[in-house]
Amino acid sequence: QGLQPAVINCNSAISACDDGIQWSWALELCSDMLQVGILPTEISCCAAMTACGRVSVVQHGLSLLGQLQESGFNRSHTLFAWTLATLGVCTVDLARLLFAETMAQLQGPTDTATEFAILAWAFATLGIQDAKLFGLLASGALMHMREFTIDDLLLIAWGFAASSASAVADLFAVLQDELIFRLERFDRSDYPGDSWGKQLHSVLGVTWAANFA
């Protein structure tokens, strides 16, 4: 219980480093946490990987992933996918490993909404197009449509924009209906500061992606 505030503070700091593209600080914070026996959350790891990807320090990101695994961090297939896609790394062996882990998970317990969004975007970014995989992702996305954040919908839209899976047409029809549903209920007062602008930016991104589907 005593470590909980430290974990929250460190994870918040790592996310802030992502926002400021301070990749070296993000990596240092993750390393420091591991050295004192505190495991970062997957959200923090994704933020650190994103910071590394934005400035193309690929090896540093992969090194952090190795450190996490050596420290007993039980990384998910979703974090693995995010890391490879964000860093732009996709060797044949890594692609096979990621594909096998993801297929096994998708055919087992249901993933959360955000995981479906991340996986669709990551596999599309890595250029891994498999009809069965994207069919499973589309089915999962359709079941979780109302649970997605607007950023999740953006990942879903771009992830499926170039997919040839048979369920894609149905997915985009439902996605567009969901977007209309949310826009009709959009209230700027619910989004303080410039957060409303970010929401609308994501909406435009979803609409743009739909044109490529």
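**Exercise 1. Which residues of α8 meet which residues of α9?** Describe, for this predicted model, the geometry of the pair as well.

*Solution.* Begin with the geometry: the axes of helix α8, residues 131-144, and α9 come within 12 Å and cross at roughly 150°. Angles over 145 degrees count as roughly antiparallel, and α8 and α9 are therefore roughly antiparallel to each other. The handedness comes next, and here α8 passes α9 in a left-handed crossing. Turning to the residues, F134, L137, A138 and A141 on the α8 side meet I156, G159 and F160 on the α9 side. Sorted by class, the residues of this contact of α8 with α9 comprise six nonpolar, one polar and no charged.

**Exercise 2. Work out how α9 is placed against α11, and which residues form their contact.**

*Solution.* The first step is again the axes: those of helix α9 (residues 150-160) and helix α11 (residues 195-210) come within 9 Å, crossing at roughly 20°. Because angles under 35 degrees count as roughly parallel, α9 is roughly parallel to α11. The second step is the sense of the crossing, which for α9 and α11 is left-handed. In the third step the contact is listed: α9 contributes I150, D151, L153, L154, A157 and W158, which meet Q199, S202, V203, G205, V206, W208 and A209 in α11. By class, this contact of α9 with α11 holds nine nonpolar, three polar and one charged residues.

**Exercise 3. Describe the packing of α5 with α6 and the make-up of their contact.**

*Solution.* Helix α5, covering residues 77-87, packs with helix α6, covering residues 92-106, at an angle of about 145°, and their axes are 9 Å apart. The crossing in which α5 passes α6 is left-handed. From α5 the contact takes H77, F80, A81 and L84, while α6 supplies L94, L97, L98, E101, T102 and Q105. By class, these are six nonpolar, three polar and one charged residues.

**Exercise 4. Which residues line the second largest pocket, and how do they divide by class?**

*Solution.* Start with the volume, since about 190 Å³ of space lies in the second largest pocket. Its lining consists of T149, I150, R182, L183, R185, F186, D187, D190, Y191, Q199 and V203. Next, assign the lining to elements: those giving two or more residues are α10 (168-184) and α11. By class, the lining has five nonpolar, two polar and four charged residues. Finally, compare the lists: I150, Q199 and V203 belong to this lining and also take part in the contact of α9 with α11.

Definitions and conventions. Residues numbered from 1 in each chain as written. Predicted model: local features only at pLDDT ≥ 70, side-chain atom pairs only at ≥ 80, totals over all residues. Heavy atoms only, no water. Axes fitted to C-alpha atoms, helices over the stretch in contact; angles between N-to-C directions. Helix = DSSP H or I, 4+ residues; strand = E, 2+ residues; numbered from the N terminus. Parallel < 35°, antiparallel > 145°, perpendicular 65-115°, else oblique. Left-handed = near helix turned anticlockwise from the far one by under 90°. Contact = heavy atoms within 4.5 Å. Nonpolar A, V, L, I, M, F, W, Y, C, P; charged D, E, K, R; others polar. 1 Å grid on protein atoms, 1.4 Å probe; cavity = no way out; pocket = protein on both sides within 12 Å on 5 of 7 lines; lining within 4 Å. Points joined across faces, edges and corners; volume = space filled by probe spheres on them.
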